[in-house]
Amino acid sequence: MGKFEKEGKLSGWALGWLLGGLALAFLLSLRFGSVEIPTSQILTVLTGGEPEKAAWADVVLKFRLPKAITAMLVGAGLSAAGLMMQTLFRNPLADPFILGVSSGASLGVALVMMGSGAGAALGFSAATGFTAGLGALGDLSLAAAASAGAGAVLALVLSLSRRVNSTLTLLIVGLMFGYLANALVSLLVYFSQPERVQAFSLWSAGSFGGVTWSQMRVFVPVVLAGLGIALGMAKPLNALLLGDEYAASMGLNVKRARFAILAGASLLAGAATAFCGPIWFVGVAVPHISRSIFNTADHHVLMPASVLLGAAFALLADMIAQMPGSQTTLPLNVVMSLFGVPVIMWIILRQRQISGAFAR
Amino acid sequence: MSAGRREGNRLEASGLGVGYQQPILKGLNLALRAGELVCLIGPNGAGKTTLMRTLAGMLKPLEGEVCLNGENMSRIKPLELARRLAVVLTERVEIGNLSAYGLAALGRYPYTGWHGKLTAKDRQVVERAMAQTGCLELAERSVRELSDGERQKVMIARALAQQPGVLLLDEPTAFLDLPRRVELMRLLRGLARETGSAILLTTHDLDLALRVADRLWLISSGGEFREGISEELALNGAIEEVFRSEGVRFDHERGAFQVNFPARGSVWLGGEDGIAVAWTWRALERMGFEVREYDPRAEVEVRVLAGRRWMARVGGEVGGRAAEFGSLGELLGWLGEG
């Protein structure tokens, strides 16, 4: 006995590497940015000292630190959410937004940004009245609008999940919600002035930089709650690897587990989208990277690994997007795909196991 | 295995009606007892899987009730049920990146705590289950690399890791070749005997079921249910009745299916070499001849000669034609022409 002792948990070594890598990425992302600040000065600011230039304190504390924290939380959250969705739907292409959470958030933001203009152009008096009302809430932050949109879709999906028996049906209905929301967004875009459309597309490009310390008070607890659910669902997720029926035959209350998984994933996806825009790619890619590295399907390993890797991945992507030393920043989603795709293609093609990752 | 529950492993149903909206089977009274291997057989679409699912508690009965050790199943909590009853389903499970051990260990689900951490005792149970099903040496292999037979063993080990008193398997032999099927059935019968669990399985393999099962449950396509000792059901014609259809017939004497071909006449077959005669018999039957051991009036006479040669004569001693052949193929070719 004892031969299989190591099964089912992240080894100390792996955990050390992941944490070390994450810490390094975190420090690097504080170190590099459009303004050059020496490492020693950054440490001075972080430990509460006075830097040589007063502006540096602001750059580090008001800009880089919240941005790094946001990136870590979003990367971790979306990776955990993606892993949960992939297992729940037994689909390697599933991502945190598969049930339309980000489409809902987009619709919320689109309504606020472009609603009044589009309503007028359409010439529907009722629609004009409705959207003008929303447009008038200009001071309402984008985050609130996105939260409302994401929350609405989330509530619909969760209430459905308690009624619908088949996970596949739920997936299809979720996809339909997504299409519907996207269609409405397209309609708004079609009838809006170019500058508003551009503002919307800027939001769609994603950014970790927009979260203020006061917004953190909402953002951090929500993401931590979602991560808590994700880590706590490792056992049911393992059972679900065999499909709903086997999971039920082993004593899992499938409906309840599904509800918890969807709630966790939607919280994470919703919070990320609300505060940072739709961040693609991390959620679908990082779980696959974890599977490849650790060569397991066990969520006791995959979940913590995805959380840590996702956080590091998002930090690195953001660092590249900032183009250290220059004043230009690239759209985050563009960077994720441009730099992330080759890495992931390499990892996955090397292993050739993506198709076999789930029960059919 | 679950020695403590040895006596109480029984699954019973009374007045059971199963189906989805409309009942497929009605008024069933069944009992599956400890230490017993029962095969559920019947033609496709007769409701085997539906009955199995109902007995497993995965489908609600339309009428009547299913009892596990005397307790109404619908009142047993899912986790408790999973400790007493395990299933192996037909669907082929494809999971990459999971070791055979990891798959079998999932069977400990109803016993582990909220986090699913395996204790030393859990590991012991998993290893024993894998040893019992002969797949312990596969433990570190990835499920993806396993053959169908190996995978099925691991799935059964997973079910055994639940330490169930009752084990239900839906078509466990479906994807396996003949030697693997025999091996699996032997294994299951051994398990029933050794562990005192009650095992029910559906199969299309009537031949094997007849040899291995302690009892058979028969469902006809009309929804009629019969049960009994295999040999008895063969003897009283129940099996023949259930499987009767165009072109297929259950042979009482041999306990196997026979494919009926349009008759081409009768053959008198003789010879000393028993094995050669047996296979010649089959070949001739397949061609549509009615083969007899002694029949001087048969249209064709075939003899197996020494040294695996064959002689055939058509049309009697006088005026008929005869020939000798070095192989069965030549014989059949010649008979086919005539």
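A trainee and a mentor talk through a predicted model of two chains, A and B.

Trainee: What are the ipTM and pTM of the model?
Mentor: This is a predicted model, so start with its scores. The pTM is 0.82, and the ipTM is 0.80.

Trainee: Which stretch of chain A has a pLDDT under 50?
Mentor: Chain A averages 83, and 88% of its residues score at least 70. One stretch stays under 50, with 21 contacts beyond four places in sequence. Where pLDDT is low, the predicted coordinates should not be read in detail. The stretch is residues 123-140 of chain A.

Trainee: In chain B, which strand has the highest confidence?
Mentor: Chain B averages a pLDDT of 87, with 93% of the residues at 70 or above. Residues 1-6 of chain B fall below 50. Confidence is lowest in strand E12 (residues 256-259), at a mean of 70. The highest value, 96, belongs to E6(B).

Trainee: Are the residues on the two faces of E6(B) buried or exposed?
Mentor: Take one side: Leu85(B) and Val87(B). The other side carries Ala86(B) and Val88(B). Both faces are covered, and these four residues are all buried.

Trainee: Which residue in E7(B) is the bridge partner of Leu85(B)?
Mentor: E6(B) pairs with strand E7 (residues 166-170) of chain B. The pairing is parallel, over 4 bridges. The partner of Leu85(B) in E7(B) is Val166(B).

Trainee: How many residues of chain B are in contact with chain A, and how do they divide by type?
Mentor: On the chain A side, 30 residues take part. Elements of chain B that give two or more residues are helix H2 (78-84), strand E6 (85-88), helix H3 (100-105) and helix H4 (120-132). Chain B brings 34 residues. They divide into 21 nonpolar, 9 polar and 4 charged.

Trainee: How many helices and strands does chain A have?
Mentor: Chain A has 360 residues, and 49% of them are buried. Among its contacts between residues at least 6 apart in sequence, 79% join residues at least 24 apart. The count is 15 helices and 0 strands.

Trainee: How far apart are the end C-alpha atoms of H12(A), and does that distance agree or disagree with the expected span?
Mentor: Helix H12 covers residues 254-276 of chain A, 23 residues in total. At 1.5 Å a residue they should span 33 Å. The helix is mostly covered, with 17 of its 23 residues buried. The end atoms are 32 Å apart, which agrees.

Trainee: Which residue just after H12(A) takes a positive phi?
Mentor: Look just past the end of H12(A). The phi there is about 85 degrees. The residue is Gly277(A).

Trainee: Is Lys67(A) buried or exposed?
Mentor: Lys67(A) sits in helix H3 (residues 54-88) of chain A. A residue counts as buried when 20 or more other C-beta atoms lie within 10 Å. Lys67(A) has 22, so Lys67(A) is buried.

Trainee: Which residues is Lys67(A) in contact with, beyond its neighbours within four places in sequence?
Mentor: Begin with Ser207(A), 140 residues away along the chain. Its C-alpha atom is 8.9 Å from that of Lys67(A). The contacts of Lys67(A) are Phe208(A), Gly209(A) and Asp318(A).

Trainee: In the sheet E14-E13-E15-E16-E17 of chain B, which strands stand at the edges?
Mentor: The sheet is open, and its pairing is mixed. Neighbouring strands turn by 20 degrees against each other on average, direction ignored. Each edge strand has a single partner, so one side is left without a neighbour in the sheet. The edges are E14 (290-292) and E17 (321-325).

Trainee: Which helix lies across E13, E14 and E15 of chain B?
Mentor: The helix runs at about 170 degrees to E13(B). The helix is H10 (residues 274-287) of chain B.

Trainee: Which residue in E16(B) stands opposite Arg303(B)?
Mentor: Strand E15 (residues 300-305) and strand E16 (residues 309-314) of chain B pair in the antiparallel sense. They share 6 bridges. Opposite Arg303(B) stands Met311(B).

Trainee: Which strands are at the edges of the sheet E2-E1-E4-E5 of chain B?
Mentor: This open sheet has 4 strands with antiparallel pairing. Each edge strand pairs on one side only. They are strand E2 (23-32) and strand E5 (71-72) of chain B.

Definitions and conventions: Residues are numbered from 1 along each chain as its sequence is written. Chains are lettered from A and ligands numbered from 1 in the order in which they are written. This is a predicted model: local features need pLDDT of at least 70, side-chain atom pairs count only at pLDDT 80 or more; totals for chains, interfaces and linings use all residues. Two residues are in contact if their C-beta atoms, placed from the backbone, lie within 7 Å. Ala, Val, Leu, Ile, Met, Phe, Trp, Tyr, Cys and Pro count as nonpolar, Asp, Glu, Lys and Arg as charged, and the others, Gly among them, as polar. Two strands pair if DSSP finds at least two bridges between them. Axes are lines fitted to C-alpha atoms, for helices over the stretch in contact, and angles run from 0 to 180 degrees between N-to-C directions. pLDDT is the predictor's confidence in each residue, from 0 to 100. A residue is buried if 20 or more other C-beta atoms lie within 10 Å of its own, exposed if 12 or fewer, and partly exposed in between; C-beta atoms are placed from the backbone. The expected span of a helix is 1.5 Å times one less than its number of residues.
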